[in-house]
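These are my notebook entries on one protein chain. I set down what I looked up, topic by topic.

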Amino acid sequence: MITLRKGKNGMRLFGINLAETGSEGLKSFLEDNYITAGYPGLGDLENNSREEICSKLMAAAYHGQELEQALGSLDCFVNAMQDGDYVLMADEEWVYLGDLGDYFYDARLDRSEDGTVHRRGVTWLKSLPRAAVNPAVTELLAADGRVTEYSGVLPAARIDLWFGEQGADGGSAAGTGPVQVDEATVSKALAILTAALHSPDVERQERAAVAILQYAK
């Protein structure tokens, strides 16, 4: 059972946009149990206020809309996210739910091109075919920012059930029975992933293997 833990500000759920990291980022996040906000070259942001992060971004030549998007994502990643909150990320076929850890800064990567210097550890809890998740999850993952907080109502418990709930209200229920996922949808998704294991594209093979292993958990 996955139970939501309530802090002083209530439990929070966040979405990570993988547009900047691609398939290699997803593979690394799943295997090494972390996520990143990107934006290297700013130094350690731990305990930095929104204003301090903004100043560092401006010094790094971020301006206008680019500055606004970077500030929103980093402030969310550093200050809004807390240990024990939840995070979602997705590729084209699967969505992954994880339990967040603390922010940490890896100085060795601050000038690297992969942009993974700002990190949070993640315990990956569950995965579902993208077609089988709650509609609210789909909306969160479609947000433009690299890091986005879910603004809707979360259940009091069993986020694993809410994650796969197909109800029209988009996220208020938290039932006690098993998640009812369309068997035909799951079978179709698994068939696609199995076929991808034989693709000549090695990256596609790896993504399919990771997705299948996550589902098997």
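Before I turn to strand partners, I fix one term: two strands count as paired if DSSP finds at least two bridges between them. I also note at the outset that the model is predicted.

**Entry 1: strand β1 and its partners**

I began with strand β1, residues 13–16. Which residue of β3 stands opposite Leu13? I found Tyr86 there. The pairing of β1 with β3, residues 86–90, is parallel and runs over three bridges. I then looked at β6, residues 147–149, which pairs with β1 in the antiparallel sense, again over three bridges. On that side, Gly15 has Thr148 of β6 as its bridge partner.

Next I asked whether the faces of β1 are covered or open. In a regular strand, side chains alternate between the two faces of the sheet. In β1, Leu13 and Gly15 belong to one side, Phe14 and Ile16 to the other, and I recorded all four as buried. Both faces of β1 are thus covered.

**Entry 2: Glu149**

I stayed with strand β6, in which Glu149 lies. Is Glu149 buried, exposed or partly exposed? I entered it as partly exposed, because its relative accessible area is 32% and this class covers the range between 20% and 50%.

I then checked its surroundings. Glu149 and Phe14 are 135 residues apart in sequence, yet their C-alpha atoms are 4.3 Å apart. With neighbours within four places in sequence set aside, the contacts of Glu149 are Arg12, Leu13, Phe14, Cys76, Ala80 and Leu140. Leu13 and Phe14 in this list are residues of β1 that I had already noted as buried.

**Entry 3: Phe29 and the aromatic pairs**

I searched the whole structure for aromatic pairs and obtained four. One of them joins Phe29 and Tyr34: the centres are 5.1 Å apart, the planes stand at 80 degrees, and the pair is edge-to-face. Both partners are buried.

Phe29 belongs to helix α1, residues 22–32. I list Phe29 as buried because its relative accessible area is 1%, under the 20% limit. I also checked Phe29 against Met89: the two are 60 residues apart along the chain, with 9.7 Å between their C-alpha atoms.

**Entry 4: arginines over rings**

I looked for charges over ring faces. Arg120 lies over the face of Phe77, at 5.8 Å from the ring centre. Arg146 lies over the face of Tyr39, and here the distance to the ring centre is 4.0 Å.

**Entry 5: cysteines**

How many disulfides does a search of the whole structure find? The search returned zero. I looked up the accessibility of two cysteines. Cys54 counts as buried because its relative accessibility is 19% and the limit is 20%. Cys76 also counts as buried, at 9%; Cys76 is among the contacts of Glu149.

**Entry 6: positive phi**

I noted two residues with a positive phi that are not glycines. Asn47 has a phi of about 65 degrees and sits in the loop between β2 (34–36) and α2. Asn47 counts as exposed because its relative accessibility is 71%, over the 50% limit. Ala61 has a phi of about 75 degrees and lies in the loop between α2 and α3 (64–80).

**Entry 7: the chain as a whole**

I counted seven helices and six strands. Along the sequence they follow the pattern β-α-β-α-α-β-β-β-α-β-α-α-α. Of the 217 residues, 46% count as buried. Among contacts between residues at least 6 apart in sequence, 68% join residues at least 24 apart.

**Entry 8: confidence**

Last, I checked confidence. The mean pLDDT of the chain is 81, and 79% of the residues reach 70 or more. Helix α2 (residues 50–59) has the highest confidence, at a mean of 97, and helix α7 (residues 202–216) the lowest, at 71. Over residues 1–9 the pLDDT is below 50; this stretch has 23 contacts in the model beyond near neighbours in sequence. Residues 167–180 are also below 50, with 25 such contacts. Where pLDDT is low, the predicted coordinates should not be read in detail.

Note on methods: Residues numbered from 1 in each chain as written. Heavy atoms only, no water. Buried < 20%, exposed > 50% of the residue type's maximum accessible area, 1.4 Å probe, protein only. Helix = DSSP H or I, 4+ residues; strand = E, 2+ residues; numbered from the N terminus. pLDDT = per-residue confidence, 0-100. Contact = heavy atoms within 4.5 Å. Disulfide = S-S within 2.5 Å. Phe/Tyr/Trp six-rings, centres within 6.5 Å; stacked < 30°, edge-to-face > 60°. Lys NZ or Arg CZ within 6 Å of the ring centre and 35° of its normal.
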